[in-house]
Amino acid sequence: MRIAVCDDEERFRLDIKKHIDKIYNSLDVVVDCFSGGKELIASFEARPYDLVFLDIEMPEMDGITLAKKLRDMNDKIYIVFLTGHVEYALEGYEVNALRYLTKPIQDDKLKEVLRFVSDKLTSKRQILIKVDGEEHLLDVSDILYFEAQNQYIMVYTVNAEYLVRYNLGDYENELKSDGFFRTHRGYMISLGKVKKLGKNEVIMEGNAVVPVSRSMMPKLKDALYAYVENSAI
């Protein structure tokens, strides 16, 4: 998940970033901080964010105006306003704001927002694969694991298997923020589909057995603990 925090007060920016980093632990979540709207817009144009926390009262460009600009650029973005004044809430309806968080930010309220957005992004995420010249859209939440087979990849899902000409490293980069983990040079699994850990293997939903290299087992355990902790938020 890509998150942006825009607030003209450094202590609030750093405070939110610290809280998010603490909540997500080692999961692959990028948090960028900005002191003003122009910098955020420039970064957003290069690569959109999934979730943006905006201070409403900023001298250069207020949060409502900035939210409208971001919404025009991408209508899928989740916007959360930061404010000490509840009376600004009505203005947020114009830009379909997800929530308002009052300063100082409360951990439980922040966790609610992050969990909601994370669930929405995961449930909607799809990847495009090509099988025998035909394109298929796969829901990321349906994927169990990937297996490298020479210059091909077998994609195992809850309903079917797909043999595609692709590189496992490219899938790893594409899905690194979606709860996937490389257990072995030739395998990558969905942490959310793990049923049980063995000595040198992992049991997936459907009872498929996927090997885990000795060096990766401690990292896999850490990744699973972090994933479970985050899912419990």
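Helices (H or I, at least four residues) and strands (E, at least two) are DSSP runs, numbered from the N terminus. With that in hand, let's walk through the protein.

This is a predicted model, in which local features need pLDDT of at least 70, side-chain atom pairs count only at pLDDT 80 or more, and totals for chains, interfaces and linings use all residues. Residues are numbered from 1 along each chain as its sequence is written, and side-chain values use heavy atoms, with hydrogens and water left out.

**The overall picture**

There are six helices and 15 strands in the protein. Its C-alpha trace spans about 55 × 40 × 25 Å along the principal axes. Out of 233 residues, 43% count as buried; buried means under 20% relative accessible area, exposed means over 50%, and partly exposed is in between (1.4 Å probe, protein chains only). The accessible surface comes to about 12,800 Å², and 46% of that belongs to carbon and sulfur atoms. Those areas come from the Shrake-Rupley method with a 1.4 Å probe, and for residues only the protein chains shown count as cover.

Contact means heavy atoms within 4.5 Å. Looking at contacts between residues at least 6 apart in sequence, 52% join residues at least 24 apart.

As for charge, the protein has 32 positive and 39 negative side chains, and the centres of the two sets lie 6 Å apart. Here Lys and Arg count as positive and Asp and Glu as negative, while His and the chain ends are not counted. The place of a charge is taken as NZ of Lys, CZ of Arg, CG of Asp or CD of Glu.

**The parallel sheet and its helices**

Strands of a sheet pair through backbone hydrogen bonds, either parallel or antiparallel. In this report, two strands pair if DSSP finds at least two bridges between them. Five strands make an open sheet with parallel pairing, in the order S2-S1-S3-S4-S5. At the edges sit strand S2 (30-34) and strand S5 (99-102), each pairing on one side only. From one strand to the next, the twist averages 20°. Angles run from 0 to 180 degrees between N-to-C directions, and axes are lines fitted to C-alpha atoms, for helices over the stretch in contact.

Helix H1 (residues 10-24) packs on this sheet, touching strand S1 (2-6), S2, strand S3 (51-55) and S4, and its direction makes about 175° with that of S2. Helix H3 (residues 63-73) lies across S1, S3, S4 and S5, running at about 155° to S3.

Strand S4 (residues 78-83) pairs with S5 in the parallel sense over four bridges, and Leu82 stands opposite Leu101 in S5. Thr83 also belongs to S4. Its C-alpha atom is separated by 9.5 Å from that of Ile105, a residue 22 places away along the chain.

After S5 comes a little surprise in the backbone. Most residues other than glycine have a negative phi, and most peptide bonds are trans. The peptide bond from Lys103 to Pro104, though, is cis, with omega near -10°. Pro104 is in the loop between S5 and helix H4 (107-124).

**A hairpin further along**

Strand S8 (143-149) and strand S9 (152-157) have a loop between them, and Asn150 lies in it. Six bridges join S8 to S9, which run antiparallel, and Ile143 has Thr157 in S9 as its bridge partner. Their hairpin has two residues between the strands, and Asn150 takes a positive phi near 55° there. S8 is mostly covered, with five of its seven residues buried. S8 also pairs with strand S12 (residues 187-190) in the antiparallel sense over three bridges; Glu147 is matched with Tyr187 in S12.

Asn207 has a positive phi too, about 70°, although it is not a glycine. Asn207 lies in the loop between strand S14 (201-204) and strand S15 (209-211).

**Buried or exposed?**

Here are four residues with their relative accessible areas.

| Residue | Relative accessible area | Status |
|---|---|---|
| Thr83 | 2% | buried |
| His19 | 16% | buried |
| Glu135 | 54% | exposed |
| Asn150 | 82% | exposed |

His19 is found in helix H1. Leaving out residues up to four places away in sequence, His19 touches Asp107 and Leu110. Glu135 is found in strand S7 (residues 134-139). With the same kind of neighbours left out, up to four places away in sequence, Glu135 touches Leu128, Ile129 and Lys130.
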